[in-house]
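Work through the following exercises with the sequence and the structure open beside you. Try each task before you read its solution.

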Amino acid sequence: MDNNALKDWRAEILQGNKNLKVLQLRRNDLQHFDWASIADLTQLRHLDLQENYVANLTGQPLDLHELKSLNLRGNVLVDFPTDTCSNLVRLEYLDLGNNKIPVVPECLQSHLGALQFLALDGNKISTVEGAAFTGLATLHTLVISNLADLKRVDRAALKGVSELQVFRCADNKQLESVDKTLFFMGEEKMQNDWKFKIIDLSGNGFKKIPNDLLPWTLLEFVDLQHNPWDCSCDAQWMVDSLLPTLYKINSSMLEEFRCATPAHLAPRRLVNWLNHDDKPFCKEPPGPETQVALLQSGSSQGMLIALTVIACVALALLVVGFVLQRRYDRQRRALATKMGRCRRPRNGDVRLTNPKFGI
């Protein structure tokens, strides 16, 4: 029932369809949704309400014990109520992206113990507090990207989500750092039971990250692109150890891994220094004399190139002119010969006269 401009949803619409397992109401005009309207759909497994105008969820999904997937992306929710949360004990997939939710809903911690996928991107969340996801012991994918107001992720934010494999925290322009212990699980657990496979930290406001933020070699995918990286000497480790690792994991993720500062290194790609031993981040920036010399050298080289180009153009024009002149001369001689033949008397050197015409 997608794209039907539905403004209201009533129980009688699906009367006689108690065994329905999938209900899709995407891209309609629903402004609220009452769980009582689908109370009879006890076999329902997937409910998709994305891209409506739902501002609130009312009632309780008391008998929806089979519901596994709930998609509420692209509505105007400001909360995910406990009355809804507490009755979805078997829910595995929850997408709350692109709503207006200001904080991580507290009910997630207590009632959604079977949840495996959670998306909160595109909301109004400014802080992810410590233990925000405690209780989601089976969660394997967490998305907290594109949060325009996000400024802080608490060091204990991921506490309790020991099965997490995919973490996407990208395009949060005001998020300038994360604590070095965010992913820490203890040395023994990190080596023997490390679960993370995909980490996306691209497009944030990161200038620096600690070198022990992650066990980089244990990851299958890492994206650090589109951050304003400060390539000062204390970030030399990124060239020495991180860059070779990322190159092995996925070299395409280095295309926009660039320096933003200092000025003499911006906006160069870090991959330019792969396997270099000259410590580029620790070199002194060019001084005024060096800059002048480089400028003069660049000017001399530029002048030489310009003169070479001019000489080549002049030579080309000379050759073209010579060819055209030769062609013109041939055409003129051919025309003169043709005209001379037209004037030659037919009886050789004797010109015929005709008194009638006075010749």
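**Exercise 1: Aromatic pairs**

In this predicted model, the count of aromatic pairs comes to 9.

Task: Decide whether the rings of tyrosine 93 and phenylalanine 117 are stacked or edge-to-face, and find the strands in which the two residues lie.

Solution: Begin with the geometry, where the ring centres are 4.5 Å apart and the planes meet at 5°. Planes under 30 degrees apart count as stacked, so this pair is stacked. Next, locate the residues: tyrosine 93 lies in strand β6 (residues 93–95), whereas phenylalanine 117 lies in strand β7 (residues 117–119), so the pair ties together parts that are 24 residues apart in sequence. Finally, consider the accessibility of each partner: tyrosine 93, at 29%, counts as partly exposed, while phenylalanine 117, at 19%, counts as buried, because buried means under 20% relative accessible area.

**Exercise 2: An aromatic cluster**

Task: Classify the ring pair formed by tryptophan 194 and phenylalanine 196, and name the aromatic cluster to which these two residues belong.

Solution: The ring centres of tryptophan 194 and phenylalanine 196 are 5.0 Å apart and their planes lie at 45°, so the pair is tilted. Tryptophan 194 is buried, with a relative accessibility of 13%, and phenylalanine 196 is buried as well, at 5%. The cluster is made up of Phe167, Phe183, Trp194 and Phe196. Looking at one member in detail, and leaving out residues up to four places away in sequence, we find that phenylalanine 167 touches several residues, among them Phe183, Phe196, Leu142 and Ile144.

**Exercise 3: The nonpolar core**

Task: Find how many residues the largest nonpolar core has, and which helix gives the most to this core.

Solution: The largest nonpolar core has 84 residues, and those with the most contacts inside it are Phe80, Phe133 and Phe167. Helices α2 (107–111) and α4 (236–250) each supply at least two residues of this core, and α4 gives the most, with 6 residues.

**Exercise 4: Two loop residues**

Task: Determine for glutamine 50 and for alanine 36 whether the residue is buried or partly exposed.

Solution: Glutamine 50, which is found in the loop between β3 (46–48) and β4 (56–58), has a relative accessible area of 13% and is therefore buried. Its contacts beyond four places in sequence include Leu25, Arg27, Asn71 and Arg73. Alanine 36, found in the loop between β2 (32–34) and β3, has a relative accessibility of 47% and so counts as partly exposed.

Technical notes. Residues numbered from 1 in each chain as written. Predicted model: local features only at pLDDT ≥ 70, side-chain atom pairs only at ≥ 80, totals over all residues. Heavy atoms only, no water. Helix = DSSP H or I, 4+ residues; strand = E, 2+ residues; numbered from the N terminus. Buried < 20%, exposed > 50% of the residue type's maximum accessible area, 1.4 Å probe, protein only. Contact = heavy atoms within 4.5 Å. Core = buried A, V, L, I, M, F, W, Y, C linked by side-chain atoms within 4.5 Å. Phe/Tyr/Trp six-rings, centres within 6.5 Å; stacked < 30°, edge-to-face > 60°.
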